Amino acid sequence: MKKPFETEMDDTRQAVGQIVCLCTTIALHQEFGVGKTRLERIKARIDELENQNTEVIMTPDANGRPSKDKAEAIRESWLAGCVSSDYRIPMVRMPRGRKEQQYRMAGDRAAKIAWQIYAKAVIDVLHYGPDRLERLRKESHANYEQLNKWGHEDGLDVAMEKLRRCAADAMQSPDLEVADIDGSKDAVEVDKEFRKQQLNFIKRVRAQTLGRIGATSQPVNVLAEQGVQDKVQEIMQQVSQQSFERRRRR
């Protein structure tokens with residue numbers, strides 16, 4: 001059965017975010033000689049930064065919407081003067097039609113966020129300066145291009161297994177797992193996380209709204225507010241793409 005469009009978009013974001021992280025981990029190991037201990041410290045820092053980023057997004061703005069612009073500004077500030085935030089998915093061919101263009105835009109955004117968070121972790125843990133960070137960005141991107149080449153020549157499953165093995169070698173973790181490219185392996189966990197984020201955001205909107213109108217006013221049924229589900233979906237589009245699914249690969 002064909003997946004709904006939004007589900008496919010979420011899968012795209014998840015897959016791209018994971019691939020960017022894997023490609024960057026491999027670049028750190030192969031080109032900079034970074035080993036397991038320091039890679040694990042970077043992973044731990046990525047976890048912290050993702051949580052911080054999600055917390056900002058999940059705090060409703062003055063209009064009760066996710067604070068995605070604020071989160072974007074913070075991520076940009078992390079890399080200002082250090083390295084470009086730009087990280088576009090290497091193209092095998094130009095997108096055909098509106099749907100492919102939407103996938104492309106969603107993927108580019110996921111790649112950018114994954115790179116911003118990963119690069120900030122590298123700055124914090126390894127204290128890399130502009131030159132090494134830019135080289136890392138280019139090497140990571142070259143790894144993504146290599147993945148595309150493998151996919152074109154050998155098929156996606158083979159390409160992802162090669163990526164997994166390279167990452168597992170870097171992390172010294174032969175049993176390292178990579179999430180299914182379509183996200184099906186993690187469908188239950190993703191749905192549980194969505195429900196958790198949805199409930200938390202609704203609670204925050206309710207608290208913010210009640211705080212504005214005062215204790216003597218009638219309670220607000222936030223669940224009935226027009227567009228609240230769209231707001232929640234916005235959140236998930238922002239936070240679902242960043243996972244290191246910290247599944248390393250080999």
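A residue counts as buried when its relative accessible area is under 20%. Keep that cut-off in mind for the views below, and remember that this is a predicted model.

**View 1. The whole protein is built from eight helices and zero strands.**
Start at the N terminus and walk along: the elements run α-α-α-α-α-α-α-α. Of the 250 residues, 45% count as buried. On the outside, the protein exposes about 13,000 Å², and carbon and sulfur atoms supply 50% of that area. How much of the contact set comes from residues 24 or more positions apart? Taking contacts in the protein with a separation of 6 or more, such residues account for 78%.

**View 2. A close-up of the largest pocket, with about 820 Å³ of space in it.**
The largest pocket is lined by 25 residues, and the closest to its centre are V16, I89, V92, Y144 and N148. Which helix gives the largest share of the lining? That's helix 1, with six residues. Helix 1 (5-32), helix 4 (97-126), helix 5 (130-154) and helix 6 (156-171) each put at least two residues into the lining. As for chemistry, the lining divides into 15 nonpolar, five polar and five charged residues.

**View 3. The largest nonpolar core, a set of 48 residues.**
In soluble globular proteins, nonpolar side chains tend to be buried together. Here, the residues with the most contacts inside the largest core are L28, I42 and V122. Two or more residues each come from helix 1, helix 2 (36-57), helix 3 (68-79), helix 4, helix 5 and helix 6. Helix 4 chips in the most, with 13 residues.

**View 4. Zooming in on L28 and what it touches.**
Leave out residues up to four places away in sequence, and L28 still touches G33, V34, L39, I42, Y118, V122, L126, Y128 and L136. Two names in that list, I42 and V122, turn up again with L28 as the residues with the most contacts inside the largest nonpolar core.

**View 5. K43, a lysine in helix 2.**
Is K43 buried or exposed? K43 is buried, because its relative accessible area is 16%, and the cut-off for buried is under 20%. Look across from K43 to V122: the two are 79 residues apart in sequence, yet their C-alpha atoms are 9.4 Å apart in space. V122 also belongs among the residues with the most contacts inside the largest nonpolar core.

**View 6. Two loop residues, H127 and Q172, with positive phi.**
Most residues other than glycine have a negative phi. H127 goes the other way, with a positive phi of about 60 degrees, although it is not a glycine. Where does H127 sit? Its place is the loop between helix 4 and helix 5. H127 has a relative accessible area of 60%, so it is exposed. Q172 isn't a glycine either, and its phi is positive too, at about 55 degrees. Q172 lies in the loop between helix 6 and helix 7 (187-213). At 54% relative accessibility, Q172 counts as exposed, since the cut-off for exposed is over 50%.

**View 7. A80 and P130, which are 50 residues apart in sequence.**
You'll find A80 in the loop between helix 3 and helix 4. Why does A80 count as exposed? Because its relative accessibility is 56%, and exposed means over 50%. C-alpha to C-alpha, A80 and P130 are 10.0 Å apart in space.

**View 8. H152 and V92, a pair 60 residues apart along the chain.**
H152 lies in helix 5. With a relative accessible area of 66%, H152 is exposed. How many ångströms separate the C-alpha atoms of H152 and V92? The separation is 8.3 Å. You have already met V92 in the pocket view, as one of the residues closest to the centre of the largest pocket. Helix 5, where H152 lies, is also among the helices that supply at least two residues of that pocket's lining.

Methods:
Residues numbered from 1 in each chain as written. Predicted model: local features only at pLDDT ≥ 70, side-chain atom pairs only at ≥ 80, totals over all residues. Heavy atoms only, no water. Helix = DSSP H or I, 4+ residues; strand = E, 2+ residues; numbered from the N terminus. Buried < 20%, exposed > 50% of the residue type's maximum accessible area, 1.4 Å probe, protein only. Contact = heavy atoms within 4.5 Å. Areas by Shrake-Rupley, 256 points an atom, 1.4 Å probe, with all protein chains shown as cover. 1 Å grid on protein atoms, 1.4 Å probe; cavity = no way out; pocket = protein on both sides within 12 Å on 5 of 7 lines; lining within 4 Å. Points joined across faces, edges and corners; volume = space filled by probe spheres on them. Nonpolar A, V, L, I, M, F, W, Y, C, P; charged D, E, K, R; others polar. Core = buried A, V, L, I, M, F, W, Y, C linked by side-chain atoms within 4.5 Å.
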